[in-house]
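Here's a quick briefing for anyone meeting this structure for the first time. Take a look at the sequence and the model, then read on.

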Amino acid sequence: MAPPTKIQNADEAIRWIKEGRSYAWMTAEHERKYNIRISASGWSYFRGKNGLDVRAVSDEELVPWSVKHEHRNNYYLYCLRQEGRRRHGKKLDEHAETRVNAFLRDLAEQRVVVDYDPSTENGFRLVLREAQDEGSLVRRPAKTGARRRRGPQ
């Protein structure tokens, strides 16, 4: 039997999700209205339980690397993930839309792509676009036969 949810108004929560509200916004609004805090995992569970599309979108064309934990808050990674969400038909909030559009404009103007080297401190860097990068925002990793791993590292 599934655990009960703390979400007080399922119809309202479904509407918020369909409107594309962020988990942070929904958490704050639910806490304001009902004095009950819902975690991001609580919202995610609610989505799945109610047959709603998952929020997370994985786009291996834009993030073809297994990213180390210490690099997961990188600005370039954030922008690539947001662009992946947009390419999968997800609506971005105004802040994300502005950041991603500026990021893509900068990549085009500078003729660079994003590269990832997990052995470096920052992990991500911009490198000059080469012939093999045409049509991509990222430098594809060399084929090693290893598949991209999921989960924490």
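**What packs around α3**

Let's start in the helices: the buried residues of α3 have a cover that includes α1 (10–18) and α2 (23–34). Keep in mind that this is a predicted model. The points below go from that helix to its neighbour, then to the aromatic rings, and end with the whole chain.

**The two sides of α3**

- Which residues of α3 are buried? They are W43, F46 and R47.
- These buried residues span an arc of only 100 degrees around the axis, so they sit on the same side of α3.
- Over on the other side of α3, you'll find S41 and G48, and both are exposed.
- Just after α3 comes G51, which has a positive phi, near 70 degrees.

**How α1 meets α3**

- From α1, the residues A10, A13, I14, W16 and I17 meet W43, F46 and R47 of α3.
- So W43, F46 and R47 turn up twice: they are the buried residues of α3, and they are also where α1 meets that helix.
- The axes of α1 and α3 come within 11 Å and cross at roughly 95 degrees.
- An angle of 65 to 115 degrees counts as roughly perpendicular, and α1 and α3 are therefore roughly perpendicular to each other.

**Aromatic rings**

- The count of aromatic pairs comes to 8.
- Take W65 and Y116: their ring centres are 5.9 Å apart and their planes are at 50 degrees, so this pair is tilted.
- W65 belongs to the loop between α3 (40–49) and α4 (75–87), while Y116 is in strand β1 (residues 112–116), so the pair ties together parts that are 51 residues apart in sequence.
- Are W65 and Y116 buried or exposed? Both are buried.
- Elsewhere, ring pairs join W16, W25 and W43 into a cluster.
- W25 has another partner too: R21 lies over the face of its ring, at 4.1 Å from the ring centre.

**The chain as a whole**

- How many helices and strands does the chain have? There are 5 helices and 2 strands.
- Along the sequence, these run in the pattern α-α-α-α-α-β-β.
- The chain has 153 residues, and 33% of them are buried.
- Of the contacts in the chain with a separation of 6 or more, 54% are between residues 24 or more positions apart.

Methods. Residues numbered from 1 in each chain as written. Predicted model: local features only at pLDDT ≥ 70, side-chain atom pairs only at ≥ 80, totals over all residues. Heavy atoms only, no water. Phe/Tyr/Trp six-rings, centres within 6.5 Å; stacked < 30°, edge-to-face > 60°. Helix = DSSP H or I, 4+ residues; strand = E, 2+ residues; numbered from the N terminus. Buried < 20%, exposed > 50% of the residue type's maximum accessible area, 1.4 Å probe, protein only. Lys NZ or Arg CZ within 6 Å of the ring centre and 35° of its normal. Arc of directions from axis to C-beta. Contact = heavy atoms within 4.5 Å. Axes fitted to C-alpha atoms, helices over the stretch in contact; angles between N-to-C directions. Parallel < 35°, antiparallel > 145°, perpendicular 65-115°, else oblique.
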